[in-house]
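Trainee: I am new to this model and would rather understand one part well than skim over everything. Please choose a single sheet and take me through it slowly, together with what surrounds it.

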2 protein chains.
Amino acid sequence: MTITIKDVAKKANVSPSTVSRVIANNSRITKETKQRVRDVMEELGYYPNFQARNLVSNKTNTIGIVMANSATLSFQNPFFPEVLRGISEVAHDNQYGLYLTTGGTEQEVYDEVVSMVQGKRVDGIILLYSRKNDATMNYLAQSSIPFTIVGRPFENPDQFTYVDNNNVDNAREAVSYLINLGHKRIAFVGGGLDYIVSQDRLKGYKQALADANIPFDERYFINEEETASLSREATIDLMTMTKPPTAIVTHDDLVAYEMIRYLEELKMTVPEDVSIVSFNNHKISEHLRPPLTSVDISIYNLGYEANRLLIDKINQPDIEKKKIIVPSTLIKRGSCKRLT
Amino acid sequence: MTITIKDVAKKANVSPSTVSRVIANNSRITKETKQRVRDVMEELGYYPNFQARNLVSNKTNTIGIVMANSATLSFQNPFFPEVLRGISEVAHDNQYGLYLTTGGTEQEVYDEVVSMVQGKRVDGIILLYSRKNDATMNYLAQSSIPFTIVGRPFENPDQFTYVDNNNVDNAREAVSYLINLGHKRIAFVGGGLDYIVSQDRLKGYKQALADANIPFDERYFINEEETASLSREATIDLMTMTKPPTAIVTHDDLVAYEMIRYLEELKMTVPEDVSIVSFNNHKISEHLRPPLTSVDISIYNLGYEANRLLIDKINQPDIEKKKIIVPSTLIKRGSCKRLT
DNA sequence: CTGAAAGCGCTTACAG
DNA sequence: CTGAAAGCGCTTACAG
């Protein structure tokens, strides 16, 4: 019932090998034969069976995409669709398909990755996060499958291929911007410190403070998890200190807006009472009130470059390790005020 | 180098058939043999090759997800990650993987779908949209692959398995709500009319008007495409009419906020000058200003149920066609005002 | 309870 | 330029 290469071969009076070569557009087949075989393929409605082809060629034309913990948080993280958009673009241009992990816990994701690698479901993997002591990443590192990381690896960065922003500089610039506006008490709301991106930004934050001879005060530092949701309590605790911050740096625009809401409960307005700088520059942030000052980290490009690097690596297994730093821009809008 | 079933068989002193049966946990194999084989599998680090297994069993344990036109718009549509989250949950519970289309145009998506179906890359498909005269849907309908649709099909709904909201009622309720607040000139900003969801909502809009004996005025109807972005011009044209609307219904929260911004340029405030009701109830909408009155259509559940139906269909090919209507709720917040 | 054999639908050296 | 044969790593009737 399914049309196979044999059916085509018989009808076109050639051998299955020849049909296979026509599919591969092998140059040793005459134009005439090719045409005849193609006509028959069309006529019978032949489509190659990928499973069979994959099995013998040991190739799948599929990229595996690994999220930190998919089912629960990653899908809610606005980073995800945009990075996927970049990945998808390159995948499509290169005739690759996309395969997603669905695991909800770290262990589940790990098991899925091992099984998709060993089970030959994918030709390469994009790890959408970088975290310290991550079992999945360690597994990939010691396997022979091509993979790229979105984010700087925790250790030995030159032994990995990855894309990243310069997160240290980004945070430093954002904080310096606030300092130049006259702010000295600047709170920092970062993602979980397991993630390298959070560590880097914290470092940049500290650098900017040091540059201006402002001592680091731990009480101004809030460490949020990956969810795009901030605890109301944390905000209130922060702002009801004896010396509350006059400015805040957050790790995502949506978190920033949520915070702005909590500030409102405390009768504080942005930017009049508190200034805010954020990261990710969501499409909608320019339209909202206040329009957010935000660091655009080119999420789309992170995905795009990650997949380009990956496909290069799949095509040329011996290519050297490489990193790409995607540029970021601090977009200044109306959520920051100069202190007088 | 790759460990196959044969290597395990040899080392465990059994035949490959037996190893295969152990993997399938066939009840005819003794406990002792199973244990011995499993020990060897563990020892050698054996993993089943999915391509080989899929080829013979004609099963992939993979669900194909088809977006309207992936690369460009769908990823920017906030609907996407949330519906994917629901799909992913069920996929994971049932040990299915997720395979995404990446095509940018209708034709590309169509070709991808045909190739993934004929090429046996997936066991079933979820169509994330319903559109009239859609070639992809027509192809699926005449193929024998199980598929479900998120959205009511254009024709012969009882010949399809799908999930949907009651979009007619949703729009009717939203509009009636505004009418009850005293609004008579109510604009309707819907998605492209190719999409059934847009048609249904337009119908509900008209019903609500008719219920209140308000004539339908075409000039209050704006037809936007799938992008989560509204043209500034359309808004301005609408609001500079001699008799501009006093209330607006939009098809997505982000579009609503963008509109609110354009209204501001015209010195109009929500809800003081214009009331707005929207759809989708984004997580952030309750935190923004104004907090949006929005119809929560349970996007997660749409994805969840779509995949449940699909997997049922895969497991029982002869199961009857089915539809599931996911309930919606109008969440009343601060973006609407009673007219006095 | 287990094994030998055939076969899933392809690709690719090896011959000619 | 094309074909016959072997093989990719599995599963599953068929025997025993």
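Mentor: Two strands are said to pair if DSSP finds at least two bridges between them, and the strands themselves (E, at least two residues), like the helices (H or I, at least four residues), are DSSP runs numbered from the N terminus. Residues are numbered from 1 along each chain as its sequence is written, while chains are lettered from A and ligands numbered from 1 in the order in which they are written. This is a predicted model, in which local features need pLDDT of at least 70 and side-chain atom pairs count only at pLDDT 80 or more, whereas totals for chains, interfaces and linings use all residues.

The part I would choose is an open sheet of 12 strands with mixed pairing, whose order is E11(A)-E5(A)-E4(A)-E3(A)-E1(A)-E2(A)-E2(B)-E1(B)-E3(B)-E4(B)-E5(B)-E11(B). At its edges stand strand E11 (323–325) of chain A and strand E11 (323–325) of chain B, each with a single partner strand, so one side of each is left without a neighbour in the sheet. Direction ignored, neighbouring strands of this sheet are turned by 20° against each other on average, where the axes are lines fitted to C-alpha atoms (for helices over the stretch in contact) and angles run from 0 to 180 degrees between N-to-C directions.

Let us begin where the two chains join within the sheet. Strand E2 (residues 97–100) of chain A pairs with E2(B) in the antiparallel sense over 3 bridges, and across this pairing Leu98(A) stands opposite Leu100(B).

Moving on into chain B, we find that strand E1 (residues 62–66) runs parallel to strand E2 (residues 97–100), the two being joined by 4 bridges, with Ile63(B) opposite Leu98(B). E1(B) also runs parallel to E3(B), again joined by 4 bridges, and here the bridge partner of Ile65(B) is Ile126(B). Strand E3 (residues 124–127) of chain B is in turn joined to E4(B) by 3 bridges, and these two strands run parallel. In that pairing Ile125(B) has Phe147(B) as its bridge partner, while Ile126(B) stands opposite Thr148(B).

Next, consider which way the residues of these strands point. From E3(B), Gly124(B) and Ile126(B) point one way and Ile125(B) and Leu127(B) the other way, and all are buried, a residue being buried if 20 or more other C-beta atoms lie within 10 Å of its own, exposed if 12 or fewer, and partly exposed in between, with C-beta atoms placed from the backbone. In strand E4 (residues 147–150) of chain B, Phe147(B) and Ile149(B) point one way, Thr148(B) and Val150(B) point the other way, and all are buried.

Leu127(B) deserves a pause of its own. Leaving out residues up to four places away in sequence, Leu127(B) touches Val66(B), Met137(B), Leu140(B), Phe147(B), Ile149(B) and Val150(B), where two residues are in contact if their C-beta atoms, placed from the backbone, lie within 7 Å. The largest nonpolar core has 166 residues, and those with the most contacts inside it are Ile126(A), Leu127(A), Ile126(B) and Leu127(B); such a core is a set of buried Ala, Val, Leu, Ile, Met, Phe, Trp, Tyr and Cys residues joined through C-beta atoms within 7 Å.

Finally, we can step back to the surface along which the chains meet. Here 40 residues of chain B are in contact with 40 residues of chain A. On the chain B side, helix H4 (50–57), helix H5 (79–93), E2, helix H6 (106–118) and helix H11 (253–265) each supply at least two residues, and the largest share, 9 residues, comes from H5(B). The residues of that side divide into 18 nonpolar, 14 polar and 8 charged, counting Ala, Val, Leu, Ile, Met, Phe, Trp, Tyr, Cys and Pro as nonpolar, Asp, Glu, Lys and Arg as charged, and the others, Gly among them, as polar. Of the interface residues of chain B, 100% are also interface residues in chain A, so the copies meet through the same surface.

As for how the copies are related, chain B can be laid on chain A with an RMSD of 0.0 Å by a turn of 180° and a shift of 0.0 Å along the axis, which is the relation of a two-fold axis. For this, the copies are superposed by least squares on the C-alpha atoms of residues with pLDDT of at least 70 in both.
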